[in-house]
Amino acid sequence: MAATLSFHSPSKPISYFQPKSKPSRPLFSKVSVFRCRASVQTLVAVEPEPVFTSVKTFAPATVANLGPGFDFLGCAVDGLGDHVTLRVDPSVRAGEILISDITGTTTKLSTNPLRNCAGIAAIATMKMLGIRSVGLSLDLHKGLPLGSGLGSSAASAAAAAVAVNEIFGRKLGREELVLAGLESEAKVSGYHADNIAPAIMGGFVLIRSYEPLDLKPLRFPEDKDLFFVLVSPEFEAPTKKMRAALPTEIPMVHHVWNSSQAAALVAAVLEGDAVMLGKALSSDKVVEPTRAPLIPGMEAVKKAALEAGAFGCTISGAGPTAVAVIDAAEKGEEIGDRMVEAFMKVGNLKSVASVKKLDKVGARLVSSVSR
């Protein structure tokens, strides 16, 4: 969701409006199986036939915002994420999709595809492909907890969109799949692509525009090392609640500062400068100051990370996960230990630390069974 900045004079604050989510059309009935009629357009002239009887896909966790890049910067992290298994199912009516099973970190999600992020994204992808002659069943395995700040809903949506695309012969491009995933994000947490875009495309992604959608992948140099220290406390920070805490106005000086830090962050990614990346990531003066007090111990956790040698630390997405940046895995483990201690000592929260590399691939096919 892109912010709209209204400039009046340098001495006055900037109006910082939070637009409503992209309006959804009342097309969905409350059923547990759904005929494909999502609000996205059909993009394939001839309905494709399935090339596999089943596929399994994976989509990675993501770190959105990256400090000053609120709603327009995000990246994918390796080794954490969600899996989707999708099957051609003759017992499901043609053109419909059934969510048959949900396992993993949470099983309390709805199996109604209209209320499940994987289901919504799968429906949108079916619509883009014009699927009317085949029924599908979907199993979702959650590797990410809800409300963690690691793009849990986006990972499910990305894995589902890629699974539908793969089973019908990969007719859609990645930017089209991001649009399908945005259908899901809009209904779950708001119309913003800083999780779904990197979950599908991998690496760092800059969202230059939402209307129309314009995505710019940012390539971190292959010969440079970058590690993310992710510390997730036992505390849920729902995206909608954390977005509600955002300021409605910001001073011009903070706008200028955050703009310069976001530009520095992009330059650091392209140059492979982990130190500058960390400094920019740590320098948000708009969003982090309002959200950090809502996460017990977060300010102390950031201080502990920096004192332990992290190049930078901020809130991952809407939180409560804290993310620090470093260029060596061993140093990252030590930093993670200090961050865990701070969460417990100051916030009285148990937490788990992990050190992960940048995921440069994004959502992908894991396995398939041919027809």
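In the predicted model, Lys302 touches Ser282, Glu288 and Cys313 when residues up to four places away in sequence are left out of the count. Lys302 belongs to helix α9, which covers residues 298-307, and the side chain of Lys302 reaches the backbone oxygen of Ser282 at 2.8 Å, so that Ser282 appears both among the residues touched by Lys302 and as the partner in this polar approach. With a relative accessible area of 15%, Lys302 is classed as buried, because the limit for that class is under 20%.

Side chains of opposite charge can pair when their charged atoms come close. In this model the number of salt bridges comes to 12. One of them joins the side chains of Arg87 and Asp139, with an N to O distance of 3.0 Å. This pair links distant parts of the chain, since Arg87 lies in strand β5 (residues 73-88) and Asp139 in strand β7 (residues 136-142), the two residues being 52 residues apart. Arg87 has a relative accessibility of 26% and therefore counts as partly exposed.

A salt bridge within a helix is formed by Lys187 and Glu183, whose closest N and O atoms are 3.7 Å apart. Both residues lie in helix α3 (residues 174-188), and because they are 4 residues apart, about one helical turn separates them. An α-helix has 3.6 residues a turn, so residues three or four places apart point the same way. The two partners nevertheless fall into separate accessibility classes, Lys187 being partly exposed at 27% relative accessibility, whereas Glu183 is buried at 9%.

A further salt bridge connects Asp359 with Arg364, the closest N and O atoms of the pair being 2.8 Å apart. Here the acidic partner, Asp359, is buried, with a relative accessible area of 2%, while Arg364, at 24% relative accessibility, counts as partly exposed.

Helix α2 was examined for its length and its surroundings. For the 16 residues of this helix (residues 152-167), a rise of 1.5 Å a residue leads to an expected span of 22 Å, and the C-alpha atoms at its ends are 23 Å apart, so the expected and computed values agree. Helix α2 is mostly covered, with 16 of its 16 residues buried. The helix is followed by Gly169, for which phi is positive, near 90 degrees.

Notes
Residues numbered from 1 in each chain as written. Predicted model: local features only at pLDDT ≥ 70, side-chain atom pairs only at ≥ 80, totals over all residues. Heavy atoms only, no water. Expected span 1.5 Å × (residues − 1). Buried < 20%, exposed > 50% of the residue type's maximum accessible area, 1.4 Å probe, protein only. Salt bridge = Lys/Arg side-chain N within 4 Å of Asp/Glu carboxyl O. Polar contact = N/O pair within 3.5 Å; in protein donor to acceptor, adjacent residues only side chain to side chain. Contact = heavy atoms within 4.5 Å.
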